[in-house]
Amino acid sequence: MELIAITEQGLPAKMIGELPEMATQIVISTAAMYETAGYQAPWIGYLAVEKGGCVGTCAFKAAPRNGEVEIAYFTFPQYEGRGVATRMATLLINIARREIPGLIVTAQTLPMDNASNAILKKLGFVYSGERDHSEDGRVWDWRLIPSGAVEASPELG
């Protein structure tokens, strides 16, 4: 899998052929996100490409703050169940750790058991609580603590 940066102008940094309609819409909304959150590579959005085709998108929701950075990922429906989201999340974690060793990586999911929770658990994230998010409603928070660090985790429930 290759991550292709979505530029500040809302374009793929590298030509990858024809983008699916869903990817085109996400590129446009990512450019709009940059207007509010700012554009600071590598803390940006990416298109995920495999075998020459765009299979999903992923992003850092903003540059790191207070030793943490939040990731998000979305697999296009026709590629679900093939490990695409796991690979995207892994690549984002690798970028974060390469740039700032010791950075805590966070994510949010809907407050129910689902595929995204399973992916995060498989990658070593721990549930850190439930809260009301101003834009997304009720969410579960997840944290990936750097090796060697110890942090208490509330029970999932």
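Let's start with one residue: F76 is buried, because its relative accessible area is just 1% (buried means under 20%, exposed over 50% and partly exposed in between, with a 1.4 Å probe and protein chains only). Keep in mind that this is a predicted model, where local features need pLDDT of at least 70, side-chain atom pairs count only at pLDDT 80 or more, and totals for chains, interfaces and linings use all residues. Residues are numbered from 1 along each chain as its sequence is written, and side-chain values use heavy atoms, leaving out hydrogens and water.

Now look for the rings. The structure holds six aromatic pairs (rings of Phe, Tyr and Trp, the last by its six-membered ring, with centres within 6.5 Å; planes under 30 degrees apart are stacked, over 60 edge-to-face, the rest tilted). One of them joins F74 and F76 edge-to-face, at 5.9 Å centre to centre and 70 degrees between the planes. F74 has 36% relative accessibility, so it counts as partly exposed. Elsewhere, ring pairs link Y127, W140 and W142 into a cluster.

Time to zoom out. The chain has three helices and seven strands (DSSP runs numbered from the N terminus: H or I of at least four residues for helices, E of at least two for strands). Follow the sequence and you'll meet them as β-α-β-β-β-α-β-α-β-β.

What about the whole chain? Its C-alpha trace spans about 45 × 30 × 30 Å along the principal axes. Of the 157 residues, 42% are buried. Take contacts (heavy atoms within 4.5 Å) between residues at least 6 apart in sequence: 56% of these join residues at least 24 apart.
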